[in-house]
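Biologist: Could you walk me through this model and tell me how each label is earned? I'd like the criteria along with the values.

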Amino acid sequence: METGMSTIGVVGAGAMGSGIAQIAAQAGHAVVLVDESESALAKSAASLSKIAERLVGKGKWSAADSERIQSAIVRTSKLEQLARCEWVVEAIVEDLGVKQSLFQTIETIVATNAVLATNTSSLSVTAIAGQLKHPDRFMGLHFFNPAPLMALVEVIPALQTDSSHVDRVKTMMNDWGKSPVIAKDTPGFIVNRLARPFYGEALRIFEEGLATKRTIDAAMRNAGFRMGPFELMDLIGNDVNYAVSCTVFEAFYNDPRYRPSLIQKQHVDAGWLGRKSGKGFYEYEEGKPTAAPSNAPANSDQFDWIIKRIVAMLMNEAADAYYLNIASAQDLEIAMTKGVNYPKGLLAWCNEWGAKVTLNVLESMQIRYGDDRYRPSPVLRDLAAQKSEFTL
Ligand code: NAI
């Protein structure tokens, strides 16, 4: 380990915490990985040893890297071991009360200038900070799964966070080889907010019987997405995806734009969770789809309107996030291309279509459905009126 590098504490040794500990160790930090469960700690150590074996086999890590990275991580069930950490990242269960009480305890252990961060994907960072004695050194640090492979990290200052800590964390994430973006503490941050229509609008088209799920998936793959919405919901798990939709909807005081889908709820109720349960929108055997995905367009017009409808809704969400200053235009683009591998940034894509085209698609749906769900972002109206575009 390099001298002078800070010691990183990670609390929670599940999928996310183990990944974050690995990246910190790879970057040369000493890591204290804490979990209340000894078996979770043992599982985490075994999983890293398997990863190391595979990477050494592929020539990506040397035997010395493997040894250095694995021995940099100390595993313990005792929170007191965090006393020497300058930074602590939490990745325990997604429960506000449990996270608040954990951080209150951590504050009694670490130095007052230690930086504390939560990996929450859906809770209010400000609400956790609100329970702390020194909320100015607290923030969200949202990694994506699998953390060692996904470049994007959303850095989310709470209302109370001192901006100097945000700059330091951003620098550290760059040093770790990540692509950090700064997001306001609002429901879904960037990715989980902007991506909602990819699922929601696809479900709506399916629910109305306007196209089959196979056609919708094929259309979206044709537009450049790696997977169609139904394939992706099955991969994420309908229970997880539906829960995120509900959280965002409720956090936005039931804004119809984020209304969850009844058909997805029914899939959850039926236990049709996706790949992990053998059946979701499609059927799976040993985690693989039993039928090959269809690529054949019913007709190109059908592909065209499906893409227009879903992508216009995605662009509207990005435009509104830009309008509301959730993040800079550049960070909104990085988030969607690096976090969820979208073929293009949504604002750049909107520039390609022209704001007027996006606006027309949304307005025609707003008239057809009489639903506030389709209300266009004010910035699209402004850009269309000025014959202008997003500055990127
Ligand atoms: P997980 O269930 O795999 O691991 C959580 C770990 O925390 C378990 O090992 C558990 O024993 C431990 N734990 C629970 N309460 C604890 C406590 N009070 N003190 C110490 N250890 C405790 O969960 P996962 O998937 O790793 O998620 C962790 C966090 O990361 C959650 O907040 C989740 O929302 C967030 N997240 C998850 C992503 C994912 O795709 N799984 C992506 C991004 C964020």
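Biologist: What makes the backbone of Ile92 a polar contact of the ligand?

Modeller: A backbone N or O atom of Ile92 sits 3.2 Å from an oxygen atom of the ligand. A polar contact is a pair of N or O atoms within 3.5 Å; within protein, one must also be able to donate a hydrogen and the other to accept it, and residues adjacent in sequence count only if both atoms are side-chain atoms. So the Ile92 pair qualifies. This is a predicted model, where local features need pLDDT of at least 70, side-chain atom pairs count only at pLDDT 80 or more, and totals for chains, interfaces and linings use all residues.

Biologist: Which side chains make such contacts with the ligand?

Modeller: Among them is Asp35, with a side-chain N or O atom 2.6 Å from a ligand oxygen. Glu94 has a polar side-chain atom 2.5 Å from an oxygen atom of the ligand. Taken alone, the ligand exposes 840 Å², and the protein buries 72% of that (Shrake-Rupley accessible areas with a 1.4 Å probe). Residues are numbered from 1 along each chain as its sequence is written, and side-chain values use heavy atoms, leaving out hydrogens and water.

Biologist: Which residues come nearest to the ligand?

Modeller: Met16, Asp35, Glu94, Lys99 and Asn119 do, out of 19 around the ligand; a residue is near if one of its heavy atoms lies within 4 Å.

Biologist: Now the helices. Why are H14 and H15 called roughly perpendicular?

Modeller: Helix H14 (residues 329-339) and helix H15 (residues 346-353) pack at about 105°, with axes 7 Å apart. Angles of 65 to 115 degrees count as roughly perpendicular (under 35 is roughly parallel, over 145 roughly antiparallel, the rest oblique), so H14 and H15 earn that label. Axes are lines fitted to C-alpha atoms over the stretch in contact, and angles run from 0 to 180 degrees between N-to-C directions. Helices are DSSP runs of H or I with at least four residues, strands are runs of E with at least two, and both are numbered from the N terminus.

Biologist: How is H9 placed against H13?

Modeller: The axes of H9 and helix H13 (residues 300-323) come within 9 Å and cross at roughly 75°, so H9 and H13 are roughly perpendicular too. Residues in contact (heavy atoms within 4.5 Å) include Ile216 and Met220 of H9 and Phe303 and Ile306 of H13.

Biologist: What makes Asn145 to Pro146 a cis peptide bond?

Modeller: Its omega is near 0°. Pro146 is in the loop between strand S6 (138-143) and strand S7 (152-157).

Biologist: And why single out a positive phi?

Modeller: Because most residues other than glycine have a negative phi. Phe189 has phi near 50°, and this residue lies in the loop between strand S8 (179-182) and helix H7 (191-194).
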